[in-house]
Amino acid sequence: MNLLEKTILEHGKSVNNVALDASSFLTKQIDIQLLDWCATQFNDYFKAANIDRILTIESGGIAISTLVALKLNVPLVVMKKNRSMLDPDNVLTAEVYSFTKNVTYELHCNAEHINEDDRILFIDDVLAHGNAVEGTLDIIAQRNGTLAGVGILFEKSFQSGAGLLAGKGIDTLSLAKIKSLENGIHF
């Protein structure tokens with residue numbers, strides 16, 4: 001059992017048998033030492049993949065993505081869920097359904113922040129049904145980039161996301177694979 005799995009067992013909480021409350025170490029309070037360990041795992045796994053930049057979605061993926069970008073020495077691009085008056089006209093968009101929040105939002109990314117033919121690593125905190133990855137693939141395709149890999153802190157293997165990524169042949173590293181959240185947390 002790795003450090004993230006131990007932390008999930010000690011501090012995580014199953015909510016309604018389908019969601020993991022990681023607020024005490026990942027979302028509302030962040031265990032920086034844990035995230036540094038996680039970032040090292042992603043760096044070691046993806047360092048030979050010739051990554052040009054990292055993409056993540058606000059807000060859950062920002063903390064871990066920052067550390068991975070630092071270790072890989074590449075830029076980090078944060079895709080936003082809401083438009084701002086500061087956004088340029090040239091914005092890439094994709095619709096994404098959020099399982100956790102039960103809403104569909106339009107993902108936004110400044111087109112100038114992704115170069116044509118970039119090799120991109122997508123980093124996120126949770127993989128459930130793969131909707132965030134699908135939206136990211138759509139954004140990357142608009143710039144003729146390549147999704148070189150996906151790094152996930154924890155996947156809920158009992159939902160469809162991991163199978164979706166495997167079916168597309170996407171190189172994915174999930175640091176914790178949760179098989180079930182029924183009556184506790186099970187790896």
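## A walk through the predicted model

Asp 117 is exposed, with a relative accessible area of 54%, which puts it over the 50% cut-off for that word. The model you are looking at is a predicted one, and Asp 117 is a handy place to start the tour. You will find Asp 117 in the loop between strands β6 (103-110) and β7. Its backbone deserves a glance too: Asp 117 is not a glycine, yet its phi is positive, about 70°. For background, most residues other than glycine have a negative phi.

The loop that holds Asp 117 is also home to His 113, again between β6 and β7. Is His 113 buried, exposed or partly exposed? His 113 is partly exposed, with a relative accessible area of 40%. Leaving aside residues up to four places away in sequence, His 113 touches Arg 53 and Val 77. Pro 75 is 38 residues from His 113 along the chain, and the C-alpha atoms of the two are separated by 9.0 Å.

Now step back along the chain into β6. This strand pairs with β5 (residues 91-98) in the antiparallel sense, over eight bridges. One place to see the pairing is Val 91, which stands opposite Asn 110 in β6. The two strands form a hairpin with four residues between them, and in the turn Asn 102 has a positive phi of about 55°.

Another stop is the loop between helix α3 and strand β3 (53-57), where Ala 48 has its place. Ala 48 is exposed, with a relative accessible area of 67%. From C-alpha to C-alpha, Ala 48 is 32 Å from Ser 23, and the two are 25 residues apart in sequence. Asn 50 is found in the loop between α3 and β3 as well. Asn 50 is exposed, with a relative accessible area of 56%, and its phi is positive, near 55°, although the residue is not a glycine.

Continue past β3 and you reach Ser 59, in the loop between β3 and α4. Here the peptide bond from Glu 58 to Ser 59 is cis, with omega near -5°. In general, most peptide bonds are trans.

Next comes helix α4. Its buried residues are Ile 64, Ser 65, Leu 67, Val 68, Ala 69 and Leu 72. What covers them includes α3, β3, β4 (76-79), β7 and β8. After the helix comes Asn 73, with a positive phi near 55°.

From α4 we can move into the interior. The largest nonpolar core has 32 residues, and those with the most contacts inside it are Leu 4, Phe 42, Ile 54, Ile 64, Val 68, Leu 153 and Phe 154. Which elements give two or more residues to this core? They are α1 (3-11), α2 (23-27), α3 (32-46), α4 (62-72), β7 (119-127), β8 and β9. Helix α3 gives the most, with six residues. To see the packing up close, pick out Ile 64: not counting residues up to four places away in sequence, Ile 64 touches Leu 35, Cys 38, Ala 39, Phe 42, Ile 123 and Leu 153. There is also a second, separate core of 24 residues, which includes Leu 55, Leu 107, Leu 147 and Ile 170.

Helix α1, one of the contributors to the largest core, has its own pattern of burial. The buried residues of α1 are Leu 4, Glu 5, Thr 7 and Ile 8. Why do these residues line one face of the helix? Seen down the axis of α1, they fall within an arc of 160°, so they share one face. It helps to recall that an α-helix has 3.6 residues a turn, so residues three or four places apart point the same way. The buried residues of α1 pack against β2 (19-21), α2, α3, β8 and β9. At the start of α1, a side-chain oxygen of Asn 2 reaches to within 3.0 Å of the backbone nitrogen of Leu 4.

Our last stop is the pair β8 and β9. Strand β8 (residues 146-156) runs parallel to β9, and six bridges join them. Among the residues of β8, Gly 151 has Leu 173 as its bridge partner in β9. The chain gets from β8 to β9 through helix α6 (residues 161-167), in a β-α-β crossover that is right-handed. Finally, five of the seven residues of β9 (residues 172-178) are buried, so this strand is largely enclosed by the rest of the structure.

Methods. Residues numbered from 1 in each chain as written. Predicted model: local features only at pLDDT ≥ 70, side-chain atom pairs only at ≥ 80, totals over all residues. Heavy atoms only, no water. Buried < 20%, exposed > 50% of the residue type's maximum accessible area, 1.4 Å probe, protein only. Pairing = 2+ DSSP bridges. Right-handed = clockwise from strand over helix to strand, strands pointing away. Core = buried A, V, L, I, M, F, W, Y, C linked by side-chain atoms within 4.5 Å. Contact = heavy atoms within 4.5 Å. Arc of directions from axis to C-beta. Polar contact = N/O pair within 3.5 Å; in protein donor to acceptor, adjacent residues only side chain to side chain.
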